[in-house]
There are 2 protein chains.
Amino acid sequence: MPDHGPTPERILELGQGFWAAKALLSATTLGVFTELDRNGPQTVEELERTIGLHPRSSQDFLDALVALDLLDRDHYEYRNTPEAAAFLVEGKPTSFVGWFEMVNDRLYPFWGDLETALQTGRPQNELDDAQTHPFEGVIYTDDEILEQFVGAMTSFSMAAADVIAHEFPWADHDSVVDLGTSEGVVPTRIAEVNDHVHAIGADLPRIERYFQDYVAESPAADRIEFRTVDFFADETLPAADVYILGHILHDWSHDETRAILSKVFEAVAPGGAVVVYGTMIDEERREATLPLLMSLNMLIETPAGSDYTAGECIEWLHQAGFEGGEATPLPGPETMVVARK
Amino acid sequence: MPDHGPTPERILELGQGFWAAKALLSATTLGVFTELDRNGPQTVEELERTIGLHPRSSQDFLDALVALDLLDRDHYEYRNTPEAAAFLVEGKPTSFVGWFEMVNDRLYPFWGDLETALQTGRPQNELDDAQTHPFEGVIYTDDEILEQFVGAMTSFSMAAADVIAHEFPWADHDSVVDLGTSEGVVPTRIAEVNDHVHAIGADLPRIERYFQDYVAESPAADRIEFRTVDFFADETLPAADVYILGHILHDWSHDETRAILSKVFEAVAPGGAVVVYGTMIDEERREATLPLLMSLNMLIETPAGSDYTAGECIEWLHQAGFEGGEATPLPGPETMVVARK
């Protein structure tokens, strides 16, 4: 009997990981989890009708979702697992549906050209060579893409917003600017949890209507304000005790990042603080799979962005004038760095 | 402090699983593992030159491969992990490079249209509606696709070929036909390990040259023969003690499968056996993630194929006239079913 040596299971699972990803993304995009959440458990035949699935592969598709622990099956009826119910149902506060819709429509096809990106160092999205950044060139000029993008950012910032709203020492601070706020989930959660805080969401002009729509539903709406900001074009940024930058710095080159942080330092009140959060690479660059892959996503999506370690982030903050700097893990594959002025 | 409830890590890892997949597929296609195997450990700068990686994201790419346990990094030099060395280096007997090249070039983009496949029940590959099957319509008429496809099939059948060659009771049998043999890895391994066995690879005429090239390198080449077979058009199949069908039955509808197995039964000598192997769904249809997803791959690739359980396979074999039927797990996510005549 031969020694079979290492077996190929893990490599096959990894290299064909886009199969499981597309099963999840298709189920999310087709509305399987939202349908089961709204109308209760359903059989294969019922889901064929409600979702519009062809009978040829409906059972294999649904049973694959069972094997992936996204659905449970009981007496021939499918229902959401608690994880799917929390993150894959439209309209829930913890929903990632907006994010995954964007992932499915834009990122999946763009990542098909990863080899070209690695060989050229150039983005592989809607950008052509004449355009400097998708925010100016594409995302912010196409209503449909922009609406999906701001929804995706809300999905992706929800868990961090909740932790920052509850765990940051807001008792010591009265005002906050969330820079690149998108729909404003972060200032909204902070204002809702902390009665005394005046929360400002700052972003480009085209974002305001999405922000106002989102914030209007909050009981704290009277303490949440939008400010038009262009952090490259504007000489100064709005003053506040605390600045928050979530999922912002990895969009830009290191020089651009330093320029942003210098303006942030000037805008923060003495005794104030800055909070930077997002995916961050581990210091040894050996463990943080999703942040390292997110950095490749920044290659696909931006002309010069990349992810970074908490140590690099703290170094940039010190160069800008901030002091201290502690890194704390957030729920999800993210890290939060806090420094003081 | 709020109860954060379920956290989104697993869902994000799953839904963005195409990032890790494309990192592996790009590294394989660009030749990173083959280069490190042939020329030894290299630094980022060396790999930029040997592989043609742009410096912008080369380190993030290589460190992502470290985080995925495909590379090790030591003193700034990258080397293959044992798993990568076994399965991702071109030309090794256990190599999956051919498979992953096909996965990267064909399956990744095709799976982008999974929603359409699920809604229509129609393949989403090079087939158009007028064509009945990729083997006749596309794969077997395009030299480049065909060469990649037969290499992929060899990758995917290597581990099973080794087990079947060693563990099947060949002492009791003198001849074998591997039906749909592709390059002939299965008859080659059987003939090499079992001196007395006459091994026949049967496939469509266009496959013969790939088979002859592959078999020519075997020390057992004089006991390995190619036979032209079309298992639908031909009235009878070549006689043999044992028939093997690997990765064949999931290409076809259940009616077509039954038609194939009836002809196989007629061709097997009394006292002989049939071996069916490939991905198989667990009987409860709850656990076998890769086989369930492989069944969706058959939706993407064929007009009527799908995966099946070992129980369904044994039922078809009984309907064809075979007796018994034991299912045994193979290395990798595969199962082997053996029945007797």
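Helix axes are taken here as lines fitted to C-alpha atoms over the stretch in contact, and the angles between them run from 0 to 180 degrees between N-to-C directions. The structure examined is a predicted model.

In chain A, the axes of helix α7 (residues 97-111) and helix α14 (residues 289-301) come within 10 Å and cross at roughly 90 degrees. Angles of 65 to 115 degrees count as roughly perpendicular, and α7(A) and α14(A) are therefore roughly perpendicular to each other. On the side of α7(A), the contact involves A:Arg106, A:Leu107, A:Phe110 and A:Trp111, which meet A:Leu293, A:Leu296, A:Asn297, A:Ile300 and A:Glu301 of α14(A). Classified by residue type, this contact of α7(A) with α14(A) comprises six nonpolar, one polar and two charged residues.

A segment of chain A, residues 13-89, carries the UniProt annotation "domain: O-methyltransferase dimerisation", which comes from an unreviewed entry. Within this span, 65% is helix and 10% is strand, and the C-alpha atoms at its ends lie 26 Å apart.

Hairpins were examined in both chains. In chain A, strand β8 (residues 323-329) and strand β9 (residues 335-340) run antiparallel and are joined by five bridges. A:Pro329 stands opposite A:Thr335 of β9(A). Five residues lie between the two strands of this hairpin, in which A:Gly332 adopts a positive phi near 80 degrees.

In chain B, strand β1 (residues 71-74) is joined to β2(B) by four bridges, and the two strands run antiparallel. B:Asp72 has B:Arg79 in β2(B) as its bridge partner. The hairpin of β1(B) and β2(B) has two residues between its strands, and B:His75 takes a positive phi near 50 degrees. In a regular strand, side chains alternate between the two faces of the sheet. Such alternation is found along strand β2 (residues 77-80) of chain B, where B:Tyr78 and B:Asn80 point to one face and are buried. B:Glu77 and B:Arg79 point to the other face and are not buried. B:Arg79, the bridge partner of B:Asp72, thus belongs to the face whose side chains are not buried.

A further site in chain B is B:Ser182, located in the loop between β3 (175-179) and α11 (185-193). With a relative accessible area of 9%, B:Ser182 falls under the 20% limit for burial and is therefore classed as buried. When residues up to four places away in sequence are not counted, B:Ser182 touches B:Val150, B:Met153, B:Asp203, B:Ile207 and B:Phe211.

Methods: Residues numbered from 1 in each chain as written. Chains lettered and ligands numbered in written order. Predicted model: local features only at pLDDT ≥ 70, side-chain atom pairs only at ≥ 80, totals over all residues. Heavy atoms only, no water. Pairing = 2+ DSSP bridges. UniProt positions renumbered as here; feature names shortened; annotations may be inferred. Parallel < 35°, antiparallel > 145°, perpendicular 65-115°, else oblique. Contact = heavy atoms within 4.5 Å. Nonpolar A, V, L, I, M, F, W, Y, C, P; charged D, E, K, R; others polar. Buried < 20%, exposed > 50% of the residue type's maximum accessible area, 1.4 Å probe, protein only.
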